[in-house]
Amino acid sequence: MTSKFNPDNTYGQESAKDMDSLKRNRFQLISAYVDGEVTSAERSEVQQLLATDPEAKRLYNRLLMLRQAFRTMPVPQTEQPAQELVQQVFSKIDRRRNRRKFVWGGAALAAMFVGAVSMIVPNGSSPELKIAEQKEPLRIAVNRPLLEIPLAPVSSPRPSGLTPEVNGNVNNLNLN
């Protein structure tokens, strides 16, 4: 004999999910019936359901009362016409644009002012100013370098047996 017990998915949880799905489907069907959005087959199904199920009848009555309450609910009057509201929105957008232009313009003016002041007020420690203020002429050493350049080290000669001797002809090499 095999057991039908499944610890991960019990019968109660399956039943509750099925009941929730059934209630949701009934609610959607009855709501569509109240709104007049059902087919003739669905209409006859809802009428059969209302005749046999008291819970469905209660849901139907609640939806009818809710629909009637929405229809009789007063609509608040607007305090201002739509055109006036549109004008206010666009004027606020224009003010933001102008404010942004003013901020960027002010930042550009401040940068120009800082640049102008830094050009006028000399900074005594800059190397460019020191070079420009020197009075002695510039001297260039062409024949005598300012620094002594060391000579490259001379390599030792090869042994005589490995050096080729040239006998007047470049192509005729004689190895000793």
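**Figure 1. Tyr33 and the residues around it.** Setting aside residues within four places in sequence, Tyr33 is in contact with Val38, Arg43, Val46, Gln47, Leu50 and Tyr60. This is a predicted model, so take the picture in that spirit. Tyr33 itself sits in helix 1, which covers residues 11-35. One of those contacts, Arg43, is ten residues further along the chain, and the C-alpha atoms of Tyr33 and Arg43 are 6.6 Å apart.

**Figure 2. The largest nonpolar core.** Zooming out a little from Tyr33, we get to the largest nonpolar core, a group of 13 residues. Ile30, Tyr33, Val46, Leu50 and Tyr60 have the most contacts inside this core. Which elements give two or more residues to the core? They are helix 1, helix 2 (40-52) and helix 3 (54-72). Helix 1 gives the most, with five residues.

**Figure 3. Tyr60 and its aromatic partner.** Look through the whole structure for aromatic pairs and you find one. The partners are Tyr33 and Tyr60, with ring centres 5.9 Å apart and 50 degrees between the planes, which makes the pair tilted. Tyr33 belongs to helix 1 and Tyr60 to helix 3, so the pair links parts of the chain that are distant, 27 residues apart. Is Tyr60 buried or exposed? Tyr60 is buried, because its relative accessible area is 17% and the cut-off for buried is under 20%. Leaving out residues up to four places away in sequence, Tyr60 touches Ile30, Tyr33, Val34 and Leu50.

**Figure 4. A salt bridge between Asp53 and Arg26.** Side chains of opposite charge can pair when their charged atoms come close. The count of salt bridges here is two. In this view, the side chains of Asp53 and Arg26 meet, with 2.5 Å from N to O. Asp53 is in the loop between helix 2 and helix 3 while Arg26 is in helix 1, so this salt bridge ties together parts 27 residues apart in sequence. As for exposure, Asp53 is buried, with a relative accessible area of 16%. Arg26 comes out as partly exposed, at 30%.

**Figure 5. A salt bridge within helix 4.** Here Asp94 forms a salt bridge with Arg97, and their closest N and O atoms are 4.0 Å apart. Both residues lie in helix 4, three residues apart, which is about one turn of the helix. Asp94 counts as partly exposed, with 38% relative accessibility.

**Figure 6. A nonpolar patch on the surface.** Which residues make the nonpolar surface patch of about 680 Å²? They are Phe113, Val114, Val117, Met119, Ile120 and Val121. Phe113 is found in helix 4, which spans residues 82-120. With a relative accessible area of 58%, Phe113 is exposed, because the cut-off for exposed is over 50%.

**Figure 7. Stepping back to the chain.** To place the close-ups, it helps to see the chain as a whole. The chain has five helices and two strands, and from the N terminus the elements run α-α-α-α-α-β-β. Of its 176 residues, 9% count as buried. Among contacts between residues at least 6 apart in sequence, 33% join residues at least 24 apart. The accessible surface of the chain is about 17000 Å², and 58% of that belongs to carbon and sulfur atoms.

Terms used. Residues are numbered from 1 along each chain as its sequence is written. This is a predicted model: local features need pLDDT of at least 70, side-chain atom pairs count only at pLDDT 80 or more; totals for chains, interfaces and linings use all residues. Side-chain values use heavy atoms; hydrogens and water are left out. Helices (H or I, at least four residues) and strands (E, at least two) are DSSP runs, numbered from the N terminus. Contact means heavy atoms within 4.5 Å. A nonpolar core is a set of buried Ala, Val, Leu, Ile, Met, Phe, Trp, Tyr and Cys residues joined through side-chain atoms within 4.5 Å. Buried means under 20% relative accessible area, exposed over 50%, partly exposed in between (1.4 Å probe, protein chains only). Patches are made of residues with over 30% relative accessible area and no salt bridge: like charges are joined within 9 Å, nonpolar side chains (Val, Leu, Ile, Met, Phe, Trp, Tyr) within 5 Å. Accessible areas come from the Shrake-Rupley method with a 1.4 Å probe; for residues, only the protein chains shown count as cover. Rings of Phe, Tyr and Trp (its six-membered ring) pair if their centres lie within 6.5 Å; planes under 30 degrees apart count as stacked, over 60 as edge-to-face and the rest as tilted.
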